Structures are given as C-alpha cells and as structure tokens.
Amino acid sequence: MSSKHHSPDQPGKDLRQGVVDTRASSTADPGPEAVRQPEKPVDPELQAARDEAEATFARYQRLAADFENYKRRTRQELADRTQYANEELLRKLLPILDNFKRALDHAPEGIDRNWFEGIKLVARQFEETLQAQGLSAIPAVGEKFDPTQHEAIASEETDDHEEGTVVEEMQPGYRLHNRVLRPTLVKVAHPRALKS
C-alpha cells in the first residue's frame with residue numbers, strides 16, 4: 001500500500017483529526033492497485049486436495065451432528081430409565097395396595113377402633129410412599145371415558161349422565177409420572193334404548 005492509505009488497525013501518521021475510517025478491513029474496500037487480475041489456472045493436484053478437504057470437512061460435520069444427536073438420545077434414555085426405574089416394582093405393589101383398601105372397606109363390626117385407626121395409618125403411609133415414587137391415581141368417576149386411561153368393563157343405561165361418562169370405578173388405575181401404569185376399570189354410561 002502507499003503511505004497515504006492505511007488499514008484501520010494500523011495507526012496512520014497523517015490521519016486528519018475528526019475523520020473516522022469506517023471500513024471493516026482493507027479487503028472490504030480494495031485500493032486502486034487491487035484491480036482484477038485474470039484468474040490463473042488452478043493446479044489439478046491443488047484442486048483435488050481442496051475437494052478432498054471439503055469432502056472431509058463435510059463428513060466431519062455430519063459425524064459431529066450425529067454424535068450430538070446420539071448424546072441427546074442417550075441423555076433422554078438415561079433420564080427415562082431413572083424416572084421409570086421402579087415401574088416393575090410398583091406394578092407388583094398395586095395388588096397389595098388394592099387388598100389393603102378392600103380389607104379396610106370391609107372391616108368387621110365390633111373391632112377395636114384404635115387398632116383399626118392404626119391399620120388405616122399404615123395403609124396411608126404405604127400409599128404416601130408409593131406417591132413419593134411418582135405414583136398417582138387416575139381420576140375416573142364423573143370424567144369422560146378416555147381409552148388411554150380407562151378400561152370399560154361394564155356399561156349402565158342411564159339418562160342421568162352424558163353418554164361416555166364414567167359412572168363407577170371398579171378398580172383404581174394409576175400412572176407413574178406421565179405413563180399409565182394400570183388403567184382404571186370402569187363402568188360407562190350410555191343412553192337408554194328407545195322403546196318402539
């Protein structure tokens with residue numbers, strides 16, 4: 001470059017005060033000596049090396065993207081495995097919870113009230129322990145029948161409820177976090193048949 005033209009990162013000796021050079025670089029605004037030169041033919045070996053480098057870089061980018069996807073999938077699978085690690089154990093404990101509730105519902109007359117309250121407390125503690133593991137009951141009675149959460153095992157003719165409404169819970173259903181562990185067994189309302 002001539003002494004009159006300085007790039008922005010080199011301090012100029014004869015810059016005028018108050019004038020700011022806003023060019024990003026000397027290549028953004030080439031000087032008069034940067035006149036277009038006719039392109040020289042590229043050496044075939046150099047071109048082959050460039051093509052190979054571009055292909056290698058593209059392959060690297062694909063592999064890097066695949067590896068990031070793999071890491072993301074692995075993290076998700078690990079999180080799911082951790083979240084649902086107790087699924088099989090909880091599935092096996094549900095019949096015990098059902099039997100506990102049945103026993104409390106059908107307690108004989110004349111038993112010691114203090115003993116009965118103690119057993120109810122144990123049942124509540126058992127239920128709270130299961131809830132702490134992510135178990136929650138699926139609401140049923142009064143809800144619209146949902147085949148993803150309910151299993152209809154009976155129907156009832158009635159005009160008191162809208163068609164498809166759950167009118168009775170036969171066996172409670174549970175979900176573990178967002179996954180249905182056991183569907184609720186229900187009785188579903190349907191309108192009375194019209195008599196001709």
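How much area does the chain expose, and what share of it do carbon and sulfur atoms supply? The chain exposes about 15,700 Å², of which carbon and sulfur atoms supply 53%, with accessible areas taken from the Shrake-Rupley method with a 1.4 Å probe.

This is a predicted model, in which local features need pLDDT of at least 70 and side-chain atom pairs count only at pLDDT 80 or more, while totals for chains, interfaces and linings use all residues. Residues are numbered from 1 along each chain as its sequence is written, and side-chain values use heavy atoms, leaving out hydrogens and water.

The chain has three helices and six strands, which are DSSP runs (helices H or I, at least four residues; strands E, at least two) numbered from the N terminus. Of its 196 residues, 18% count as buried, meaning under 20% relative accessible area with a 1.4 Å probe and protein chains only.

The largest nonpolar core (buried Ala, Val, Leu, Ile, Met, Phe, Trp, Tyr and Cys residues joined through side-chain atoms within 4.5 Å) has ten residues, including Tyr-84, Leu-135 and Leu-181. The elements that give two or more residues to this core are listed here.

| Element | Residues |
|---|---|
| helix H2 | 87-105 |
| helix H3 | 113-132 |
| strand E4 | 174-176 |

H2 gives the most to this core, with three residues.

Three strands form an open sheet of mixed pairing in the order E2-E6-E3, where two strands pair if DSSP finds at least two bridges between them. E3 and strand E6 (residues 184-190) pair in the antiparallel sense over four bridges, and Gln-171 stands opposite Leu-185 in E6.

Terms used: Buried means under 20% relative accessible area, exposed over 50%, partly exposed in between (1.4 Å probe, protein chains only).
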